[in-house]
Amino acid sequence: MAARVLHARGAATAGGLLQRAAPCSLLPGHRGLTSSSNRPREDSWLKSLFVRKVDPRKDAHSNLLAKKETSSLYKIQFHNVKPECLDAYNKICQEVLPKIHEDKYYPCTLVGTWNTWYGEQDQAVHLWRYEGGYPALTEVMSKLRQSQEFFEFRKARSNMLLSRKNQLLLEFSFWNEPVPRSGPNIYELRSYQLRPGTMIEWGNYW
């Protein structure tokens, strides 16, 4: 399980998202449990793991933690761009993506689009919201396949990319929806790799 959180530096939190599907892995930095001299400390640490009791559930964690009053689905795109093509990539994105955002024919919203400063270099990140969940995502993808302009956009974009990755996300129920801001702004995007079965506890602590 994994959770992804988007923060705005120097401002209120922009929004929180729950990742539907991601590989399971353990949290880094485990404490050693072998030395007998550390027994009281170990017992305290072990007890802290079970402070919050969570009853066994049959529902998926995403259904328990996601918002009930909305059915929006989010897609976050990571595009690794050839360094020499970054300016050209940004230009064609500025020309085409806002048209999709503004066209009522497509039930989706471009929440934000960024270039990274730290971590992966020469990377572009786009965050889309689909009003209506998975059916809306399917509808948008179907309509875009019929658009000649979008076909030409993808063709030109493919020559500029090294790799790309998409993830589908749901909102945590305890955060407001992310909304566009007047810029420029700096955002921090965090990913948490959680122990399997601890998503509810993690969400409750947040």
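**Questions about a predicted model**

Visitor: Is Arg129 buried or exposed?
Guide: This is a predicted model. Buried means under 20% relative accessible area. Arg129 has a relative accessible area of 11%. So the answer for Arg129 is buried.

Visitor: Where is the place of Arg129?
Guide: Look along the chain at residues 123-130. They make up a strand, and Arg129 is in it. That strand is S5.

Visitor: Which side chain does a polar contact of 3.2 Å join to that of Arg129?
Guide: A polar contact needs a pair of N or O atoms within 3.5 Å. The side chain of Arg129 has such a contact, at 3.2 Å. Its partner is the side chain of Tyr74.

Visitor: Which cysteine does Arg129 touch, not counting residues up to four places away in sequence?
Guide: Arg129 touches several residues, including Ser72, Leu73, Tyr74 and Glu177. One of the residues on that list is a cysteine. It is Cys108.

Visitor: Is Cys108 buried or exposed?
Guide: The cut-off for buried is under 20% relative accessible area. Cys108 has 4% relative accessibility. Therefore Cys108 counts as buried.

Visitor: How many disulfides does the count come to?
Guide: A disulfide needs a pair of cysteine sulfur atoms within 2.5 Å. By this rule the count of disulfides is 0.

Visitor: What kind of aromatic pair do Phe172 and Trp202 form?
Guide: The structure holds 5 aromatic pairs. In the pair of Phe172 and Trp202, the centres are 5.4 Å apart, with 40° between the planes. Planes under 30 degrees apart count as stacked, and over 60 as edge-to-face. This pair is tilted.

Visitor: How many residues apart in sequence are the parts that this pair ties together?
Guide: Phe172 lies in the loop between strand S6 and strand S7. Trp202 lies in helix H6. So the pair ties together parts whose separation in sequence is 30 residues.

Visitor: Which residues form one aromatic cluster?
Guide: Trp202 also forms a tilted pair with Tyr192, at 5.3 Å centre to centre and 55° between the planes. Tyr192 is in strand S7, and Trp202 is in helix H6. Phe172 belongs to the cluster too. The cluster is Phe172, Tyr192 and Trp202.

Visitor: What is the relative accessible area of Tyr192?
Guide: Buried means under 20%, and exposed means over 50%. Tyr192 is partly exposed. Its relative accessible area is 21%.

Visitor: Which residue lies over the face of Tyr105?
Guide: A charge over a ring must be within 6 Å of the ring centre. Here the value is 3.9 Å from the ring centre of Tyr105. The residue is Lys143.

Conventions: Residues are numbered from 1 along each chain as its sequence is written. This is a predicted model: local features need pLDDT of at least 70, side-chain atom pairs count only at pLDDT 80 or more; totals for chains, interfaces and linings use all residues. Side-chain values use heavy atoms; hydrogens and water are left out. Helices (H or I, at least four residues) and strands (E, at least two) are DSSP runs, numbered from the N terminus. Buried means under 20% relative accessible area, exposed over 50%, partly exposed in between (1.4 Å probe, protein chains only). A polar contact is a pair of N or O atoms within 3.5 Å; within protein, one must be able to donate a hydrogen and the other to accept it, and residues adjacent in sequence count only if both atoms are side-chain atoms. Contact means heavy atoms within 4.5 Å. Rings of Phe, Tyr and Trp (its six-membered ring) pair if their centres lie within 6.5 Å; planes under 30 degrees apart count as stacked, over 60 as edge-to-face and the rest as tilted. A charge sits over a ring if NZ of Lys or CZ of Arg is within 6 Å of the ring centre and within 35 degrees of the ring normal.
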